[in-house]
Number of protein chains: 2
Amino acid sequence: MAERRIDPRLEVTETRQGRRPGDTYIRRVRPYDELFQRSDEGELIATERTVLDRPGWTRALRKIRTILIGRPISTEREEHERLTKLKALAIFSSDNISSSAYATEEMMRILIVAGVGAISLTMPLTIVICAVLAIVATSYWQTIRAYPNGASSYLVSSDNLGSTAGLVAGAALLIDYTLTVAVSVSAAVAAITSVIPELFPERVLIAVAIVALLMLGNLRGVRESGTIFMAPTYLYIVLILGMVGIGLARLATGTLPEYTPPAEWLTRDGGPQALTIFLILRAFSSGAFATLFLGISFMAATMGIVPDPSEEQTVLSQIARLLVGDGFFFILIQLATVLVLALAANTAFADFPRLSSFMARDDFMPRQFAFRGERLAFTTGIVALSSLAAVLLVGFGASVTALIPLYTLGVFLAFTLSQSSMVVRWWRRREHGWARGLAINGLGAVTTGVIALIVIESKFLAGAWMVVLAIPLLVLLMLGIRGHYRAVDQALQREHAHPRAGTKPIVIVPIARLDEPAHQALLFANSVSPEAIAVHVTNDADGAEAFRAAWPEWSGGAELVVIESPYRALIGPLLAYLDVLQRHDPSRPVLVVLSEFVPRHWWENLLHNQTALRLKLRLFTRPNTIVADVPYHIGRPTL
Amino acid sequence: MAERRIDPRLEVTETRQGRRPGDTYIRRVRPYDELFQRSDEGELIATERTVLDRPGWTRALRKIRTILIGRPISTEREEHERLTKLKALAIFSSDNISSSAYATEEMMRILIVAGVGAISLTMPLTIVICAVLAIVATSYWQTIRAYPNGASSYLVSSDNLGSTAGLVAGAALLIDYTLTVAVSVSAAVAAITSVIPELFPERVLIAVAIVALLMLGNLRGVRESGTIFMAPTYLYIVLILGMVGIGLARLATGTLPEYTPPAEWLTRDGGPQALTIFLILRAFSSGAFATLFLGISFMAATMGIVPDPSEEQTVLSQIARLLVGDGFFFILIQLATVLVLALAANTAFADFPRLSSFMARDDFMPRQFAFRGERLAFTTGIVALSSLAAVLLVGFGASVTALIPLYTLGVFLAFTLSQSSMVVRWWRRREHGWARGLAINGLGAVTTGVIALIVIESKFLAGAWMVVLAIPLLVLLMLGIRGHYRAVDQALQREHAHPRAGTKPIVIVPIARLDEPAHQALLFANSVSPEAIAVHVTNDADGAEAFRAAWPEWSGGAELVVIESPYRALIGPLLAYLDVLQRHDPSRPVLVVLSEFVPRHWWENLLHNQTALRLKLRLFTRPNTIVADVPYHIGRPTL
């Protein structure tokens, strides 16, 4: 055994075993300090430079990427990216808080269908909804206490009701996160067009641009989004409470401004309908989340606001404009509304990728959803969420009213499943206080379940059918994905005997013309096998003669088989030739060495390599066939 | 040297040179009588079965293809596919003959813009146009005599005015052939909707379907199209002459039916314009081809027909309906019109692919345009023509009136260039009768040139600008393509020394997990090199420890390098490792052996191989790097 150090800076050592050159030959590259850190023998730790400083055509892409989302973050830094409590509260409560910006309005839109008189039900309904919210919140509180590390409906339902129920909850949640983005961004755009009506025709474009911004922010990672978005939540709360306070003060002093809705807002195409219990319930299901919205509803009801049918101006902006005028305070309220809604959309950008990473780890979703990108974010989930939300925004014209039924149904389905799971859990465990817990969660489950049914019943044609259809389809797809991964893993992990020395492959080099790329391919083929066969398939008998004549000199005496193709097909005869070779010796693999010309610009590929590409596709699905690509770079050093 | 015949049926012989096994080893597969015919030593002739009987996933595609376009045709049979004279006349004259179906109408459409009175100019203009046609025909006749093997403007102009003029003519012709298809098919659809007005809303769809049928017919090859389309041309001539005969007879006997156009057809949005010389010339340039159309124009003028502004009903169908009623004869005329127009479109399906094959042979177009497909047709040209024509039909709503200005300009530009070429040719050669020839071609060149200028002037905004813009762009593109091919050929054909024995490559096997596909890849790597290195890039330090522990047993002792990637990137660190290896020994190529899992269904690829695909793309553009794909087929025999 002889060992020698070739270059101390590179720390490459060569070890030869046996006496004759080439008999056995081992090379070790030890850590190279620019690109890799030192570790154990045969173990390297990649530095940031292996990602950032790649030469070649990806350099420009990398620069754009670094500008847009920043430099890569090491896995070790994951801990340091945690949020402070103040930030976390601002981020994770923004979803609820922001829904007050549209809850009153959506409830009133449904009531007005039953005639202007029904609008007087705004305030009583708001109180009913707040009572339901109290039930749901108490019930949810118990769930969080039982699952302190994450009370996602997917986990809770999987744990107590089995994996199919978990999948239903998971599918409902994924749909819901997507709708959170779509609804919040639509409401944010409505808040913008309330201030600048000229932007109304471009509302879908603005909505998609906001989603793109959120996507980039989230691809950068969680810390920045905390810092950027913390202030608006608190600002929004203070401003809305302040506005309601002003309203109450003016009401007390009898100076509340009068509101007269444009006459055309009061009539709808369908004309006034009879006010039935279902209309009230529809209103109920569409306006069913809020915290601040008691105040907004009270002001809207007291002042007699009517929602704008075109959705150009929000109810909240009408109240604000009447109470505080068109000035700075109004614009500040609208700005805070936009930001808190963007923040609500942003929570879904945390929730969707996290849930899909859980589901991917359980093999229910493609595995790339579980892979953390360079900035520790789940890149695939973020991009998938952005794309789906953009599709919804375009499809529904960025209309909150159109999206709300889908959103509500998803939310209440997921709630119903997690509350039911808790009921099952209490019943099974019979821990201290189980009867009280079961009662609370039972009430929660029944309440949310009834609301879900009401939404399906009353909003089926208005869009709820999409959710009703999408959930089982998603569940089937997820089961299919897991089935596929399991079957493949089983097949791939099969026991095998100790590796034999691999059978020497039959080496074939298809050569179309005698040029440099072909020469490179032949050199490589000769380097891995002394019995490589060059194959020339041609539809030109005269050309074949010239080819054969030039061959011995050009190739240095390699074996050549010429196949004439009277049907002008190039691929079929070559594959048939491989068949003949392997029919004789089926266990021996075939190695097909293809020369490929790499042009300087991608569009030049349209002028080259068409046949090579088709051949590769065919060879890829052929059993016992290995394809080696020998690229020829024009104007670059050759092999 | 030892030779032995392994299997007489396969006629495979093995020749060993040298004593130690594996030293040198030559195998020859002689003709195998099912797939290949016998020929010289080392020369095979592929049978039809090598194309038709391929196993695997392409079998279904092949069956559909055989049903649609037929079995492959051998190159030898090319002679037998020539047309008879009667068929050739029918096919190649259909372009002129069929234009009579819309020439009168398009002329009248322009005249009516100047007011109803201007329609009386229909007949005088027709006579002027026929005179111009006589000049052009005489001039063209001289061209054909000078170039008996093909008087394409591209060849004639290249020959006499230089390759740039040839390219301008070629570009104009390619555009024109495309417009021939679009205009003829649009006119055919108008003839159909004249009979069945219910189909009018679907006219674009019908037009695209006709193009698709023509494409399939032409992919089948030329003989069928001759047989299918011969009869209609003669039928059309007889029927139109018969119809005009009936009209003349009824005119003589004073029984010509009266025509009253719907009042709304007589007013246009723009209102009547002043009748200027340009309007007459516009009429002239839009109706400038015909043979039979004197008769149609005469009947239209005598009967006072007015064209239908919506293009639902053609002028020809109005004349026919008035003269012969709604019955069998009318439907027969319309049917013959449709078929002769389809035949005219079909001539472009012969001309476009042939011209583009010439230009591809001269390196002005991508080389695949010069390749004859299985049925001896120029597949790429046919598909390109169909796609371009379909785009035009959709873009212009299958309207003859909208397409005519573009069409006319292309025709007259090409004519002007070929006539001018003939003038230069006469002048240079001064052969017997050159002065007379020069005068005739000069008159032709001036006439067609003036018409081209008139079309540009009068129809610039109506669409002629597209042709004016497209021709120089196409010429630049074609020059760019030739420049590219020449530069590449020069670079690839560089002199090189006699082939050395190729340098042994460094062999690297990236392994993500210890499964069967990885095992196959390692076996192959070991078979081509005794010093293959397995590389495991991981973002999971614990997993790396387990991997390293399992490795010696699993791999049978192959060398392993583990690269920890704290930034979770997989591709960057692997490429950096290759850089380190090659920095030490830059002339030695790297062979990267990738295991790829081939799923049973294509959509399963969405769940696998994402990283392998990205890695391949990066390696493809890396200098001195060869990629070998070792596919693992689930449920199929392994290597």
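**A tour of chain A by confidence, helix packing and a salt bridge**

Colour chain A by pLDDT and select two elements: strand S1 (residues 2-7) of chain A, which has the lowest mean pLDDT among the elements of the chain, at 41, and helix H13 (residues 379-395) of chain A, which has the highest, at 94. Keep in mind throughout that this is a predicted model.

Stay with the low end and select residues 1-12 of chain A, where the pLDDT is below 50. In the model this stretch still has 35 contacts beyond near neighbours in sequence. Next select residues 281-289 of chain A, where the pLDDT is also below 50; here the contacts beyond near neighbours in sequence number 37. For chain A as a whole, the mean pLDDT is 78, with 80% of residues reaching 70 or more. The scores of the model are ipTM 0.71 and pTM 0.69.

**H6 and H13**

Return to H13(A) and add helix H6 (residues 163-195) of chain A; the two axes come within 9 Å and cross at roughly 55 degrees. That angle makes H6(A) oblique to H13(A), and the crossing is right-handed. Show side chains next. On H6(A), the residues in contact are A:Tyr177, A:Thr178, A:Leu179, A:Val181, A:Ala182, A:Val185 and A:Ser186. They meet A:Leu385, A:Leu388, A:Ala389, A:Leu392 and A:Leu393 on H13(A). Coloured by class, this contact has ten nonpolar and two polar residues, and no charged ones.

**H11 and H12**

Now select helix H11 (residues 315-324) of chain A together with helix H12 (residues 328-361) of chain A. Their axes come within 9 Å and cross at roughly 155 degrees. Because angles over 145 degrees count as roughly antiparallel, H11(A) is described as roughly antiparallel to H12(A). The crossing of this pair is right-handed.

From H11(A), pick A:Leu316, A:Ser317, A:Ala320, A:Arg321 and A:Val324; from H12(A), pick A:Phe329, A:Phe330, A:Ile333, A:Gln334 and A:Thr337. These residues make the contact, which by class has six nonpolar, three polar and one charged.

**A salt bridge in H12**

Follow H12(A) along to A:Asp351 and A:Arg354. Which atoms should be joined with a distance line? Take the closest N and O atoms of A:Arg354 and A:Asp351, which are 2.9 Å apart in a salt bridge. The two residues are separated by about one helical turn, because they lie three residues apart in H12(A). Side chains of opposite charge can pair when their charged atoms come close. To continue from here, search the whole structure: 22 salt bridges are found over all chains.

Conventions. Residues are numbered from 1 along each chain as its sequence is written. Chains are lettered from A and ligands numbered from 1 in the order in which they are written. Side-chain values use heavy atoms; hydrogens and water are left out. pLDDT is the predictor's confidence in each residue, from 0 to 100. Helices (H or I, at least four residues) and strands (E, at least two) are DSSP runs, numbered from the N terminus. Contact means heavy atoms within 4.5 Å. Axes are lines fitted to C-alpha atoms, for helices over the stretch in contact, and angles run from 0 to 180 degrees between N-to-C directions. Angles under 35 degrees count as roughly parallel, over 145 as roughly antiparallel, 65 to 115 as roughly perpendicular and the rest as oblique. A crossing is left-handed if the near helix is turned anticlockwise from the far one by less than a right angle, and right-handed if clockwise. Ala, Val, Leu, Ile, Met, Phe, Trp, Tyr, Cys and Pro count as nonpolar, Asp, Glu, Lys and Arg as charged, and the others, Gly among them, as polar. A salt bridge is a side-chain nitrogen of Lys or Arg within 4 Å of a carboxyl oxygen of Asp or Glu.
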